[in-house]
Amino acid sequence: MILRTERLTLRPVAMEDWPGFAAFLASDRSRFMGGPGTDRDASWRAFAHLAGLWHLKGYGPFAVRLDGRTVGLAGAWAPMGLPEPEMAWAIWDAADEGRGLMAEAVRACLDHAWGPLRLPSLVSYIDPANLRSVRLAERLGARREPGAPVPEDGVMAWRHPDPRSEDVAA
Amino acid sequence: MTVLTTERLTLRPPEPGDFEPFRAFYASDAARYIGGRKDLAEAWRLFAADAGHWALKGFGWFTVLDAGGPVGSTGVHHPPHHAEIEVGWNTYEAGQGKGYATEAARAVLDWAWGLTDAARIVSYIDAGNEASQAVARKLGATDTGERAAHDPDCAIWAHRRPA
């Protein structure tokens, strides 16, 4: 499964993404995702688990590729423990921020999730202190839903509008 | 999809329906020598990681089934922080005492020599795990006396490539 946008290629995670993923998990940038962590067993398990979701669920996070390198992950995923499928994203290196790469990637993932995957709903679970992600969610049209169940303390749900049910005349 | 068959067993990559017996095994005391008991979320992550290993590396862990369903998991894996390719086996309660681990691991080893040029495939076995050591001996492996760099509680047992 490959998605293409103007600047990006999105494909399922592959072995060549491992060093970048491990470096991201070991860095402070993973602090909103349960990191940082340097336990190799746990990091490997987290990584291989992303690949396993594709097999077990039929979809999972994409590696976001720019000019032949992976800059982060984006896509719908539904690991055990999430109340609803989540549209998730992470950009691994601060140097790749500020160019709208994730907005471009996640828009493609949203189209894919609502279209071919026909997911029933999509939320993003975000720590409100993660301002960059909150801004991106809202730029993509998601709105905070205080009553939605969340998988852990400290995050809130931003719900993505379902284009299949939107009143386009409104 | 790789499927291996033996006289009594079928081995195939993990499917979603295999999770419940996998979870029950890792919630039991049987997990004490393989990283300890795992709660639901940890067990899921490991289960999905086993499935993902196939996509990432082209080989991995199989669910082992007899006529009644899943009885264990057996496979070869090679995470990047492990020095060597490893064959491993777990037998669920429903499969205990029947020689299933040996039968399944023998089939996996026969297949796995084609995956690697290595002179040996190892099994990292906890020094206290006598049941697993017995399986390793039946498979013809020997205790090298070395310890695993990633887990000093584990001895390195070596399976030699057949001539």
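**Exercise 1. Is R99(A) buried, partly exposed or exposed, and what is its relative accessible area?**

Before we start, a word on the ground rules. This is a predicted model, where local features need pLDDT of at least 70, side-chain atom pairs count only at pLDDT 80 or more, and totals for chains, interfaces and linings use all residues. Residues are numbered from 1 along each chain as its sequence is written, chains are lettered from A and ligands numbered from 1 in the order in which they are written, and side-chain values use heavy atoms, with hydrogens and water left out.

*Step 1.* Get the classes straight: buried is under 20% relative accessible area, exposed is over 50%, and partly exposed is in between (1.4 Å probe, protein chains only).

*Step 2.* R99(A) has a relative accessible area of 40%, so it goes down as partly exposed.

*Step 3.* Now look at its partner. R99(A) makes a salt bridge with D96(A), with 3.1 Å between the closest N and O atoms. A salt bridge here is a side-chain nitrogen of Lys or Arg within 4 Å of a carboxyl oxygen of Asp or Glu. D96(A) is buried, at 5%.

**Exercise 2. Work out which parts of chain A the salt bridge between R65(A) and E16(A) ties together.**

*Step 1.* Check the distance: the closest N and O atoms of R65(A) and E16(A) are 3.5 Å apart.

*Step 2.* Place both ends. R65(A) sits in strand β3 (residues 62–66) of chain A, and E16(A) in the loop between β2 (8–12) and α1 (18–26), so the bridge links parts 49 residues apart in sequence. For the labels, helices (H or I, at least four residues) and strands (E, at least two) are DSSP runs, numbered from the N terminus.

*Step 3.* Compare the surroundings: R65(A) is buried at 15%, while E16(A) is exposed at 54%.

**Exercise 3. Find how far apart R23(B) and E20(B) are along their helix.**

*Step 1.* Their side chains meet in a salt bridge of 2.8 Å, N to O.

*Step 2.* Both belong to helix α1 (residues 19–27) of chain B, three residues apart, so about one helical turn separates them.

*Step 3.* R23(B) is partly exposed at 23%, and E20(B) is partly exposed too, at 44%.

*Step 4.* Back in chain A, salt bridges with shared partners join R11(A), E16(A), D17(A) and R65(A) into one network. Over all chains, the search finds 18 salt bridges.

**Exercise 4. Describe the interface of chain B and chain A.**

*Step 1.* Count the residues: 22 from chain B and 20 from chain A take part in the contact, where contact means heavy atoms within 4.5 Å.

*Step 2.* Get the area. About 1,800 Å² is buried between the two chains, and carbon and sulfur atoms give 78% of it. Buried area is the accessible area (1.4 Å probe) that two parts lose on being put together, summed over both.

*Step 3.* Look at who supplies it. On the side of chain B that touches chain A, helix α2 (residues 40–57) of chain B brings the largest share, 13 residues.

*Step 4.* Finish with the salt bridges: the rule finds zero across this interface.

**Exercise 5. Sketch the fold of chain A.**

*Step 1.* Tally the elements: four helices and eight strands.

*Step 2.* Put them in order along the sequence: β-β-α-α-β-β-β-α-β-α-β-β.

*Step 3.* Add the dimensions and burial. The C-alpha atoms fill a box of roughly 50 × 35 × 35 Å along the principal axes, and 51% of the 170 residues in chain A are buried.
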